[in-house]
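Trainee: Got a minute for this one? I'd like to go through the strands.

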Amino acid sequence: MMIRFYLDGQLVEVDVKPTDTLLKVLVDKLGITSVHYGCGEGSCGACMVMVDGKLRYSCLTFAASVNDKKITTVAGLLSDHELSPLQKKFVENNAAQCGYCTPGMVLVAKALLDKNPSPSDEEIFDALAGNLCRCTGYVPIVKAVKSAARR
Ligand code: FES
Ligand code: FES
């Protein structure tokens, strides 16, 4: 079946099977490199995207369900090829090592700060609880989110 959706502002059309996940379509069919396969079962957050502004695990989302919707990946936060202020805070705080978890972490942080511009430490920990990082020990990630928050 053909579906179409906006991917970071660009309209794309793609032929999918009813059982294809959004993750599979983004990575295997559209060549998107900022959405990652980690666990494939909603436990790690590496595949995180936004669908119509809401966080979604793309490994648990059927591609057919996003027909006519707006998908945002971390690349969609760039403006004129410039990192967003939040992305810059991740860089400044060395919040990425291998970077595998980083797109998901950034999208979760964005969703949190959009809803709550001055989160407490606990609220940041809670928001990031569904995203796993095997490298950083989380401290620089939380620092990055805190430094991007309004004080
Ligand atoms: S790959 Fe989707 S949550 Fe891990
Ligand atoms: S930076 Fe490597 S998994 Fe988080």
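**Sheet and hairpin**

Mentor: Start with Met50: its bridge partner in S4 is Leu55. This is a predicted model, where local features need pLDDT of at least 70, side-chain atom pairs count only at pLDDT 80 or more, and totals for chains, interfaces and linings use all residues. Residues are numbered from 1 along each chain as its sequence is written.

Trainee: What counts as a strand, and as a pair?
Mentor: Strands (E, at least two residues) and helices (H or I, at least four) are DSSP runs, numbered from the N terminus. Two strands pair if DSSP finds at least two bridges between them.

Trainee: How many bridges join S3 to S4?
Mentor: Four, and the two strands run antiparallel. S3 and S4 form a hairpin with two residues between them. Asp52 in that turn has a positive phi of about 50°.

Trainee: And what stands opposite Met50 in S5?
Mentor: Thr72. S3 and S5 also run antiparallel, joined by two bridges.

Trainee: In which order do the strands of the sheet come?
Mentor: S2-S1-S5-S3-S4, an open sheet of five with mixed pairing. The edge strands are S2 (10-15) and S4 (54-57), each pairing on one side only.

Trainee: Switching ends. How many bridges join S1 to S2?
Mentor: Six; S1 covers residues 2-7 and runs antiparallel to S2. Arg4 has Glu13 as its bridge partner in S2.

Trainee: Back to S3. Are its faces covered or open, and which residues are buried?
Mentor: Both faces are covered. Met48 and Met50 on one side, and Val49 and Val51 on the other, are all buried (under 20% relative accessible area, 1.4 Å probe, protein chains only; exposed is over 50%, partly exposed in between).

Note on methods: Chains lettered and ligands numbered in written order. Heavy atoms only, no water.
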